[in-house]
Amino acid sequence: MEEQLLDKSVIETGEMVLNMGPQHPSTHGVLRLKIHTDGEVVSKIEPIIGYLHRCFEKHCEKLSYEQIVPFTDRCDYLASMHMDHAYSLAVEKLLDIELPERVEYIRVIISELQRIASHLVAVGTFGLDVGAITPFTWTIRDRERVLDLFEALCGARLLYNYIWPGGVSHDLPPKFLERTIEFLEYFDPQIDELNNLLTTNKIFIERTADVGVLPPEVGINYGVTGPSLRGSGVNFDLRKNEPYSVYPNFDFDVPLGEGIMGTLGDSWDRYYVRVLEMRESAKIIRQAIEQLPDGDVHAALPKKVRPNAGEVYGRYESARGDVGFYIISNGKNIPLRVKMRSPAFCNLSVLSEISEGWMISDIIAILGSLDIVLGEIDR
Amino acid sequence: MTSIFDSLQITFSGLNLDLMIVLPAIALMGGTVIFLLMAVNALVAVYFERKVSAFMQDRLGPMEVGILGFKGGKRFWGGIGQTLADAIKLLVKEDILPNDADRVLMILAPFIIFTGAFLTFIGLPFAENLVISDFNIGVFYIVAMSSVGVIGIILAGWSSNNKWSLYGAMRAAAQIISYEIPIGLSLLLVVLVAGSLNFGDIVQWQADNRWFIFHSPFSFLAFFIFFISIVAETNRTPFDIPEAESELVAGWMTEYSGFRWALFFLSEYANMLIVSIVASTVFLGGWLSPLQMFNVLPEAWLFLDGPTLGLFWVFLKAIILIFVMMWFRWTFPRLRVDQLMYLCWKVFIPFGLANLFFISLWELLF
Amino acid sequence: MTFSEITDHIESKTSGKISLIEGKDVIQVTPDNWLEVATLLKDDTSLQFDYLMCISSYDKGNNKTYGAAYNFFSVQLNHYIEVRVEVEDGTSIPSVAGLWRAADWHEREAYDMMGLHFENHPDLKRILLSEDWEGYPLRKKYTEPDYYHGMPVPKDKSYWD
């Protein structure tokens, strides 16, 4: 009997395949991870995507350039302004039009506010993923203020349809700038509070430092961009590397991961880069408000968008990374092909590389630190 | 020290009834009291937890549901009927058993967990002479009974036929059994000094000398080892890895719903109350008044020190400890499995053993 | 480096392997030469295109020719290039997933949506659509199926009413 128990053919130990998702609290949407585990340790992980595929690119083949904007809104629903801005930049590049200064400044203010809002969700849900619930409610509370600003701006709180090719839909409402300044005054101390509660928490550091280290060259090879790559210490930010809009006029830093709590490029670094970026965004907004010129925001709106035949690849630094729109026009008012390069798509593809050998709990932490949005991955 | 059981027996013995009738009657009465206590405790503790979490998170918590039209205050104590409504909802909810689950074990598991919590109350002192049955091995009995629950957890996780449940059950088994050891070591220290396993004697020792937490540096340390370990024992954040909502969906109770899930809930909060009362009895002087230590009260106020308010002091201390546990839950992230095990086996157990050794020396020297 | 410098450099290393499209800053490469050019783009010290941003598949509209546009960027040297590879239906493009891991998922997407085949891809299967989907939706001649697993596909508004 004893020999039988020890015999491996009677008691088998083997890999277990665990399906995490599509319905799971921590996959940030309908992502499915097929995890091969040996006990708690993950030996292989395969992300399966496409559960939120809404045929964005197919829709674009039947819609005019202006009509695509609401669809780009819905791609990255946590940073809709960024998607609109990225798409509008690409179309404007295709149309080759000059924008009034005021539009550019308004767009920068709005985009940076959106960056704050998006990072707040990223930071809060990352806390939630490692089990801290209170930071999430705090960050959502602060994000609410940004959403209130956006509501005053265009009436919508999530899907704005505000930035259009050639301009913006409305000028700033009265008192908007004062309210924005008020928000920034309120917001700066909140970051310190968040740092006290979460960033420097011993358990949080234990859970995230040294976990899921993304070496810089691996990150670049996989096409990882945005805060996830900057967490590995790569100084790559399109606002500096390939400046668009009026970003050259502002003085701001690009926060990089330094491996303060562990190895360079670990989950904690990726998290902390986002926290620091919120401060930089606040800095940019203050400068933009100071420099904001007068003018008509609708001056450059084209009567109809009908670019000449040709292609364009527009790039934009969104909250999640490098958004690209590859637009092929054949001279009609409907694009022949719109391809969106989604940053979270590439960021997710690195997951299987950096998370093998870690435990199930760490997979959640690594996934949270990559800050994915499934609407954008699946399009 | 007399117990409720003894005094009831004495009362009934005056009626000249058959012992075969008296004993079940007394047991039934005791059981009803315990059940009511558990139910009320869950209702109050859940409400308390919701309000505590709400205030920590800049929210208001439940504000709408009232009892018989009385909603409670506008600002703080609103929605006092919420947990009652939740309890009713859980009782009338559809009870789902998965097709491939082991039906017998899955039905049995919540009752085992509930029984574990239920039986523990028998030996738990709420005040002087206010204990269902007074054992001379009270501490041992409580430690033994509170470990019964882990069998139920393993059964629940295994019988659900769900991978998340299985993970949760395995984690729970490893965690709870591990953390029994530092708990045992800390309690052993107290038993060693007081020389008795009886709660009454332990509190009497504290009345004669001083509270255990202030007895020596080692018992001070032992209290913290004990307290952190009981947080782990009751599966609460930052040690809630068996449930680990963001990792394992709901851990070992993923497949449970309705009444059976309510039993888990009831047991969880009952366990919180049990361990808090044990901690306050063993380390914080039980039904002794904290004012006693300072001797500042004028003559007329001395009833505060006496046994009349014993129940109040025990519950006050327990509620403070429960509040601290909630405070933990709403501020800390969750530990990982290996970190949790590290904490237990490489920190608490060596410290617990060293503590035991040094307290023996301390007792010899002083 | 500017576009013309990059093309001159590639021309000097591999003569006749690339062609330019009139009026556009784009390099065109035939599938046969693509892997060699790609290796050069990645490894040449003065090019160092270490970051593959995007692979956009496109349909030329003649039911025959499909293409893939590769957008590269060099994080080190801060320059940009677009390369296009066009194939007839049925022939395949060499996969560059071995050079840029980013190409793995992008090539799968191009396969999924446009039906481009990539030779030597580690795991070429559908990525966004389900495994049993028929056809390649982004091709111009694609028609939506009437039923998917017995479920009617809503094609106009009347379905919703």
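Student: Which residue just after H5(A) takes a positive phi?

Tutor: In this predicted model, the residue is Gly131(A), which follows just after H5(A) and has a positive phi of about 105°.

Student: What makes the span of helix H5 of chain A close to the expected one?

Tutor: Helix H5 covers residues 101–129 of chain A, 29 residues in total, and reaches 42 Å from its first C-alpha to its last. The expected span is 1.5 Å times one less than the number of residues, and for this helix that gives 42 Å, so the two values are close.

Student: How do you know whether H5(A) is mostly covered or mostly exposed?

Tutor: A residue is called buried if 20 or more other C-beta atoms lie within 10 Å of its own. In H5(A), 25 of the 29 residues are buried, so by that cut-off the helix is mostly covered.

Student: Why is chain A called as compact as a globular protein of its length?

Tutor: The secondary structure of chain A comes to 16 helices and eight strands. Its radius of gyration is 22 Å, and because the globule rule gives 21 Å for 379 residues, a value close to that, chain A is as compact as a globular protein of that length. Along the principal axes, its C-alpha atoms fill a box of roughly 90 × 50 × 35 Å, and buried residues make up 53% of the chain.

Student: What share of the residues of chain C counts as buried, and which elements does this chain have?

Tutor: Of the 161 residues of chain C, 38% count as buried. Chain C has three helices and nine strands, and from the N terminus on they run α-β-β-α-β-β-β-β-α-β-β-β. Its C-alpha trace spans about 60 × 30 × 30 Å along the principal axes.

Student: How do you know which residues of chains A and C are in contact, and how many are there?

Tutor: Two residues are in contact if their C-beta atoms lie within 7 Å, and by that cut-off 24 residues of chain A are in contact with 23 residues of chain C. On the side of chain A that touches chain C, the largest share, four residues, comes from E7(A). By class, this side of chain A has ten nonpolar, seven polar and seven charged residues.

Student: What is the distance between chain B and chain C, and which pair of chains has the most contacts?

Tutor: Chain B and chain C do not touch, and their nearest C-alpha atoms are 25 Å apart. Among the two pairs of chains that touch, the most contacts are between chains A and B. That contact takes 20 residues from chain B and 28 residues from chain A. On the side of chain B that touches chain A, helix H10 (245–248), helix H12 (310–331) and helix H13 (337–365) of chain B each supply at least two residues, and the largest share, three residues, comes from H10(B).

Student: Which residues touch the most other members of the largest nonpolar core?

Tutor: The largest nonpolar core has 252 residues, and those that touch the most other members are Ala169(B), Phe226(B), Ile274(B), Ala279(B) and Phe72(C). Helix H7 (residues 163–194) of chain B gives the most to this core, with 15 residues. Not counting residues up to four places away in sequence, Ala279(B) touches Phe226(B), Phe227(B), Ile230(B), Leu284(B) and Leu321(B). In soluble globular proteins, nonpolar side chains tend to be buried together.

Note on methods: Residues are numbered from 1 along each chain as its sequence is written. Chains are lettered from A and ligands numbered from 1 in the order in which they are written. This is a predicted model: local features need pLDDT of at least 70, side-chain atom pairs count only at pLDDT 80 or more; totals for chains, interfaces and linings use all residues. The radius of gyration is taken over C-alpha atoms; the globule rule is 2.2 Å times the number of residues to the power 0.38. A residue is buried if 20 or more other C-beta atoms lie within 10 Å of its own, exposed if 12 or fewer, and partly exposed in between; C-beta atoms are placed from the backbone. Ala, Val, Leu, Ile, Met, Phe, Trp, Tyr, Cys and Pro count as nonpolar, Asp, Glu, Lys and Arg as charged, and the others, Gly among them, as polar. A nonpolar core is a set of buried Ala, Val, Leu, Ile, Met, Phe, Trp, Tyr and Cys residues joined through C-beta atoms within 7 Å.
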